[in-house]
Amino acid sequence: MPNSRDDLPMLFRSLAPDDTGFQAAVNASARAAGERWPLLKAVSPKKPNSTPALSAQERQYWSNPAKSDVGQRKPALSLPGASDKMTRSLGRMSVRAVSHPPASDRNPKRANVSTTEISAVQVEPEKRPNVARSIQPTAITTTAAMKSSSTLFSGRSQTRADEAVDNTSGMPVNHNQPESRAAMEKAANATPVDASLASVFSRIEGKVTEVAKSASKPSSFLSRLGRR
Amino acid sequence: MVSDKLQSYFRAQQVSLQWLPVLRAMAAEMSEQMDAEDLRQLFFHVGERFAQDAGDCFQGAQSLIQLEDSLNDFWSQINWGWVSIKEVQEHIDISHQSAPLAEAFGDEALVWSIGLLEGFYQNVFRVLGASDSMMVCRAGKPTAGMDVHLRFGRQL
């Protein structure tokens, strides 16, 4: 029986597992595996080459990259943006305005105003597509396949919308936007022809001879028509 | 032409290889056993039943535009092409593009297999309130291929 705490570590060391047999078995199995599968010998990992030593300059860079000249890189070339294009176009226009001032007024202030007006007009069209793009298409279908089909068929629907709607707002008509379908519906409602299925069937059956008559009193006339 | 090759390629993709030989054999056998008009009537009733199962897809349509959109959503789900529905004078023009009928049963069987779409659209318009005096029938001469043209109007 241990009488003091000093005997405990020795006791635990004596209780340590004896893994010599385990190690011998592992080594033996590795040798046996190598003999059974020669490929293991062929692809035995080789010790990689030692890491090359850093030079003084590299060491300096790694130790203090902020102060090192090696770490400084030239800024990457950036693509010209809209502002660059606008700057160039304004420059060209200003050169043209100065070299060829209007015949009616050679006041330099007027030339600057005209340049500003021209630039404003040039800026304005760029704003318009953003308005059209900002309109998000409404969700019509529930599956991805349905969505692809809605865009597929929205083109033909937009053709009918363009025929019916007089675009006087100045907005560019985007044939791929489903909101044009809403415009088409509005146009259908605005025109004298009733687009409801009941009226369509009535017209086809011959109950309504003239479309204009139905447009004059839509509510009272159609209310008298009933489904068979 | 490239467009013909593309059309041929995509037409070959319409029908599952698992069922194509069976459908072709069935069409050939039925053509020998029954005349074209009887087969067309059979497929007409098949199309009506087909539309009854798909009633939820189009029953809420209030206009031809909504009906077209609803039907195209349905056709696109099952890879049956698309349809264009327009009111033309005294009838409704139905142009169903890329229908797999010709590929499934053969071009020579299109004379009667078209009855399937006739029955389908007949049921659609009946459910939406059209009278029984109006019928769906083939428009013009039968043409081989994936496009089917029908008209819905008063019986002639």
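**A walk from chain A to the helices of chain B**

Start at helix 9 of chain A, where the buried residues are Leu197(A), Ser199(A), Val200(A), Phe201(A), Ser202(A), Arg203(A), Ile204(A) and Glu205(A). Keep in mind as you look around that this is a predicted model. Helix 9 runs over residues 197-205, and with 8 of its 9 residues buried it is mostly covered. Step just past the end of this helix and you meet Gly206(A), which takes a positive phi of about 95°.

Now zoom out to the rest of chain A. Buried residues account for 16% of its 228 residues. The chain has 11 helices and 0 strands, so to speak a plain run of α after α: α-α-α-α-α-α-α-α-α-α-α along the sequence. How do its contacts spread along the chain? Of those between residues at least 6 apart in sequence, 29% join residues at least 24 apart.

Over to chain B, and to helix 7, which has two packing partners worth a look. Take helix 3 (residues 36-53) to begin with: helix 3 of chain B and helix 7 of chain B pack at about 45°, with their axes 6 Å apart. That angle makes helix 3 of chain B oblique to helix 7 of chain B. Helix 3 of chain B passes helix 7 of chain B in a right-handed crossing.

Who does the touching here? On the helix 3 side of chain B, the residues are Arg40(B), Phe43(B), Phe44(B), Val46(B), Gly47(B), Glu48(B), Phe50(B), Ala51(B) and Gln52(B). Facing them from helix 7 of chain B are Gly115(B), Leu116(B), Glu118(B), Gly119(B), Phe120(B), Gln122(B), Asn123(B), Val124(B) and Arg126(B). Sorted by class, this contact has 8 nonpolar, 6 polar and 4 charged residues.

The other partner is helix 4 (residues 64-77) of chain B, which packs with helix 7 (residues 115-127) of chain B at about 135°, the axes being 13 Å apart. These two helices of chain B are therefore oblique to each other. Here too, helix 4 of chain B passes helix 7 of chain B in a right-handed crossing. Helix 4 of chain B brings Leu67(B), Leu71(B), Phe74(B) and Trp75(B) to the contact, while helix 7 of chain B brings Leu117(B), Phe120(B), Tyr121(B), Val124(B) and Phe125(B). By class, you get 9 nonpolar residues, no polar ones and no charged ones.

Just ahead of helix 7 in the numbering sits helix 6 (residues 110-113) of chain B, which contains Ser113(B). Is Ser113(B) buried or exposed? Ser113(B) has a relative accessible area of 0%, so this residue is buried. Leaving out residues up to four places away in sequence, Ser113(B) touches Phe43(B), Leu101(B) and Phe105(B). You have already met Phe43(B), in the contact of helix 3 of chain B with helix 7 of chain B. Ser113(B) and Gln41(B) are 72 residues apart along the chain, and their C-alpha atoms are separated by 9.3 Å.

Last stop: the cysteines. Cys57(B) has 31% relative accessibility and therefore counts as partly exposed. Cys137(B), with a relative accessible area of 27%, is partly exposed as well. As for disulfides, the structure holds 0 over all chains.

How values were computed:
Residues numbered from 1 in each chain as written. Chains lettered and ligands numbered in written order. Predicted model: local features only at pLDDT ≥ 70, side-chain atom pairs only at ≥ 80, totals over all residues. Heavy atoms only, no water. Axes fitted to C-alpha atoms, helices over the stretch in contact; angles between N-to-C directions. Helix = DSSP H or I, 4+ residues; strand = E, 2+ residues; numbered from the N terminus. Parallel < 35°, antiparallel > 145°, perpendicular 65-115°, else oblique. Left-handed = near helix turned anticlockwise from the far one by under 90°. Contact = heavy atoms within 4.5 Å. Nonpolar A, V, L, I, M, F, W, Y, C, P; charged D, E, K, R; others polar. Disulfide = S-S within 2.5 Å. Buried < 20%, exposed > 50% of the residue type's maximum accessible area, 1.4 Å probe, protein only.
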